[in-house]
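This report covers the strand pairing of one protein chain, followed by its ring contacts and a loop residue.

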Amino acid sequence: MNAEDYIKQLQLMPHPEGGYFKQLYGNDDSGKKDISTIYYMLTNNDISAFHRLHDMVEIWYYQAGNRLKLHVIDKDGTLTTHFLSPQDEMQVVIQPEQWFAAEIADNKGFTLVGCAVCPAFQFDKFELAKQAELIQAFPQHRTLIERMCRS
(Lines give C-alpha, C1' and ligand atoms only; values in the text may rest on other atoms or scores of the structure.)
Protein backbone atom coordinates (compact mmCIF):
# COMPACT_ATOMS: atom_id res chain seq x y z
CA MET A 1 0.00 0.00 0.00
CA ASN A 2 1.10 3.57 -0.58
CA ALA A 3 0.52 6.68 1.55
CA GLU A 4 -2.77 7.58 -0.16
CA ASP A 5 -4.09 4.06 0.46
CA TYR A 6 -3.31 4.32 4.19
CA ILE A 7 -4.76 7.84 4.45
CA LYS A 8 -8.01 6.64 2.88
CA GLN A 9 -8.25 3.27 4.65
CA LEU A 10 -7.36 4.63 8.11
CA GLN A 11 -9.29 7.91 7.58
CA LEU A 12 -6.28 10.03 8.51
CA MET A 13 -6.61 13.83 8.78
CA PRO A 14 -3.98 16.62 8.67
CA HIS A 15 -2.18 17.04 12.01
CA PRO A 16 -1.37 20.52 13.44
CA GLU A 17 2.35 19.72 13.83
CA GLY A 18 2.64 18.21 10.33
CA GLY A 19 1.66 14.92 8.71
CA TYR A 20 -1.61 13.04 9.20
CA PHE A 21 -3.29 11.31 12.13
CA LYS A 22 -6.33 9.56 13.51
CA GLN A 23 -7.19 9.28 17.16
CA LEU A 24 -7.89 5.70 18.15
CA TYR A 25 -8.49 5.94 21.91
CA GLY A 26 -8.52 8.54 24.68
CA ASN A 27 -8.87 12.32 24.78
CA ASP A 28 -12.51 12.36 25.83
CA ASP A 29 -12.05 15.63 27.81
CA SER A 30 -13.25 13.93 31.00
CA GLY A 31 -9.71 13.43 32.26
CA LYS A 32 -10.59 9.82 33.05
CA LYS A 33 -8.50 8.11 30.36
CA ASP A 34 -5.17 6.63 31.38
CA ILE A 35 -3.82 6.43 27.84
CA SER A 36 -4.49 7.81 24.38
CA THR A 37 -3.40 6.37 21.04
CA ILE A 38 -3.21 7.59 17.46
CA TYR A 39 -2.03 6.56 14.03
CA TYR A 40 0.47 9.13 12.75
CA MET A 41 1.88 9.40 9.22
CA LEU A 42 4.52 11.56 7.58
CA THR A 43 4.81 11.78 3.79
CA ASN A 44 7.67 12.97 1.56
CA ASN A 45 9.06 16.20 3.05
CA ASP A 46 6.59 16.43 5.98
CA ILE A 47 8.01 16.88 9.43
CA SER A 48 6.71 16.52 12.93
CA ALA A 49 8.04 19.84 14.25
CA PHE A 50 9.89 20.05 17.56
CA HIS A 51 7.48 19.83 20.47
CA ARG A 52 7.33 18.42 23.98
CA LEU A 53 4.80 17.03 26.39
CA HIS A 54 4.58 18.06 30.03
CA ASP A 55 3.83 15.24 32.50
CA MET A 56 3.18 12.70 29.72
CA VAL A 57 5.23 9.88 28.22
CA GLU A 58 4.87 9.20 24.48
CA ILE A 59 5.80 5.93 22.79
CA TRP A 60 6.25 5.77 19.01
CA TYR A 61 5.74 2.37 17.33
CA TYR A 62 6.85 1.68 13.77
CA GLN A 63 3.97 0.37 11.61
CA ALA A 64 4.82 0.64 7.89
CA GLY A 65 6.74 2.52 5.22
CA ASN A 66 10.17 4.11 5.11
CA ARG A 67 12.74 4.57 7.85
CA LEU A 68 11.86 7.39 10.28
CA LYS A 69 14.32 9.68 12.07
CA LEU A 70 13.14 10.73 15.54
CA HIS A 71 15.29 13.51 17.05
CA VAL A 72 15.17 13.84 20.85
CA ILE A 73 16.82 16.61 22.91
CA ASP A 74 17.16 15.99 26.66
CA LYS A 75 16.94 18.79 29.23
CA ASP A 76 20.77 18.86 29.39
CA GLY A 77 21.02 19.36 25.60
CA THR A 78 22.01 15.82 24.67
CA LEU A 79 20.70 15.01 21.19
CA THR A 80 19.80 11.44 20.30
CA THR A 81 18.54 10.48 16.86
CA HIS A 82 16.58 7.24 16.78
CA PHE A 83 15.71 5.35 13.61
CA LEU A 84 12.37 3.56 13.47
CA SER A 85 12.21 0.72 10.94
CA PRO A 86 12.27 -3.09 10.86
CA GLN A 87 16.08 -2.90 10.57
CA ASP A 88 16.49 -0.47 13.50
CA GLU A 89 14.34 0.23 16.52
CA MET A 90 10.65 -0.70 16.37
CA GLN A 91 9.64 1.62 19.22
CA VAL A 92 11.02 4.66 21.06
CA VAL A 93 9.94 6.09 24.41
CA ILE A 94 9.91 9.88 24.79
CA GLN A 95 10.06 11.10 28.39
CA PRO A 96 8.19 14.18 29.69
CA GLU A 97 9.94 17.50 28.93
CA GLN A 98 12.13 16.07 26.13
CA TRP A 99 11.92 18.05 22.89
CA PHE A 100 11.34 15.81 19.88
CA ALA A 101 10.76 16.00 16.14
CA ALA A 102 10.50 13.47 13.33
CA GLU A 103 11.17 13.22 9.60
CA ILE A 104 11.40 10.51 6.98
CA ALA A 105 15.07 9.53 6.73
CA ASP A 106 15.30 9.91 2.93
CA ASN A 107 12.45 12.46 2.50
CA LYS A 108 10.64 10.06 0.16
CA GLY A 109 7.51 7.97 0.44
CA PHE A 110 5.82 7.74 3.83
CA THR A 111 6.16 6.38 7.33
CA LEU A 112 3.22 5.20 9.44
CA VAL A 113 3.63 4.91 13.21
CA GLY A 114 1.38 4.40 16.18
CA CYS A 115 1.77 6.75 19.14
CA ALA A 116 0.60 6.11 22.69
CA VAL A 117 0.56 8.83 25.35
CA CYS A 118 0.27 8.11 29.06
CA PRO A 119 -1.52 9.57 30.86
CA ALA A 120 -3.92 10.45 28.04
CA PHE A 121 -2.94 13.39 25.80
CA GLN A 122 -4.10 16.85 26.83
CA PHE A 123 -3.51 19.88 24.60
CA ASP A 124 -2.77 22.10 27.61
CA LYS A 125 0.28 19.90 28.31
CA PHE A 126 1.54 20.07 24.69
CA GLU A 127 4.09 22.73 23.67
CA LEU A 128 5.15 23.43 20.09
CA ALA A 129 8.71 24.82 20.06
CA LYS A 130 9.48 28.40 19.17
CA GLN A 131 12.59 28.32 17.00
CA ALA A 132 14.40 31.29 18.59
CA GLU A 133 13.82 30.02 22.14
CA LEU A 134 14.96 26.50 21.31
CA ILE A 135 18.11 27.80 19.59
CA GLN A 136 18.86 29.98 22.61
CA ALA A 137 18.52 26.96 24.91
CA PHE A 138 20.47 24.57 22.63
CA PRO A 139 22.70 26.58 20.24
CA GLN A 140 24.76 23.48 19.46
CA HIS A 141 21.74 22.08 17.57
CA ARG A 142 20.93 25.24 15.61
CA THR A 143 20.96 23.66 12.13
CA LEU A 144 18.60 20.85 13.14
CA ILE A 145 16.30 23.21 15.04
CA GLU A 146 16.08 25.60 12.08
CA ARG A 147 15.06 22.68 9.83
CA MET A 148 12.65 21.08 12.30
CA CYS A 149 10.78 24.11 13.72
CA ARG A 150 7.84 25.88 12.11
CA SER A 151 8.24 29.27 13.83
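Two strands count as paired if DSSP finds at least two bridges between them. Helices (H or I, at least four residues) and strands (E, at least two) are DSSP runs, numbered from the N terminus. The model is a predicted one, in which local features need pLDDT of at least 70 and side-chain atom pairs count only at pLDDT 80 or more, while totals for chains, interfaces and linings use all residues. Residues are numbered from 1 along each chain as its sequence is written, and side-chain values use heavy atoms, with hydrogens and water left out.

**Six-stranded sheet**

An open sheet is formed by 6 strands in the order β1-β2-β3-β10-β5-β8, with antiparallel pairing. Its edges are β1 (13–14) and β8 (91–94); each has a single partner strand, so one side of each is left without a neighbour in the sheet.

Strand β10 spans residues 110–118, and 8 of its 9 residues are buried, where buried means under 20% relative accessible area, exposed over 50% and partly exposed in between (1.4 Å probe, protein chains only). Strand β3 (residues 36–43) runs antiparallel to β10 and is joined to it by 8 bridges. Strand β5 (residues 57–65) also pairs with β10 in the antiparallel sense, over 8 bridges. Some bridge partners in the two sheets are listed below.

| Residue | Partner | Strand of partner |
|---|---|---|
| Tyr 39 | Gly 114 | β10 |
| Tyr 62 | Val 113 | β10 |
| Glu 58 | Val 117 | β10 |
| Ile 73 | Leu 79 | β7 |

Helix α1 lies across β2 (20–25), β3, β5 and β10, and runs at about 150° to β3. Contact here means heavy atoms within 4.5 Å. Axes are lines fitted to C-alpha atoms, for helices over the stretch in contact, and angles run from 0 to 180 degrees between N-to-C directions.

**Five-stranded sheet**

A further open sheet has 5 strands in the order β7-β6-β9-β4-β11, and its pairing is antiparallel. Here β7 (79–84) and β11 (126–128) stand at the edges with a single partner strand each, so one side of each has no neighbour in the sheet. On average, neighbouring strands of this sheet are turned by 25° against each other, direction ignored. Strand β6 (residues 68–73) pairs with β7 in the antiparallel sense over 6 bridges.

**Rings and charges**

Rings of Phe, Tyr and Trp (its six-membered ring) pair if their centres lie within 6.5 Å; planes under 30 degrees apart count as stacked, over 60 as edge-to-face and the rest as tilted. By this rule there are 6 aromatic pairs. In one of them, the ring centres of Tyr 6 and Phe 110 are 5.4 Å apart and the planes are at 50°, so the pair is tilted. This pair links distant parts of the chain, with Tyr 6 in helix α1 (residues 3–10) and Phe 110 in strand β10, 104 residues apart. Tyr 6 counts as buried because its relative accessibility is 18%, and Phe 110 counts as buried at 9%.

Tyr 40, Trp 60 and Phe 100 are linked by ring pairs into a cluster. Arg 67 lies over the face of Phe 83, at 3.9 Å from the ring centre; a charge sits over a ring if NZ of Lys or CZ of Arg is within 6 Å of the ring centre and within 35 degrees of the ring normal.

**A loop residue**

Is Pro 139 buried or exposed? Its relative accessible area is 53%, so Pro 139 is exposed. Pro 139 is placed in the loop between α2 (131–137) and α3 (142–148). Pro 139 and Gly 77 are 62 residues apart in sequence, and 9.1 Å apart in space from C-alpha to C-alpha.
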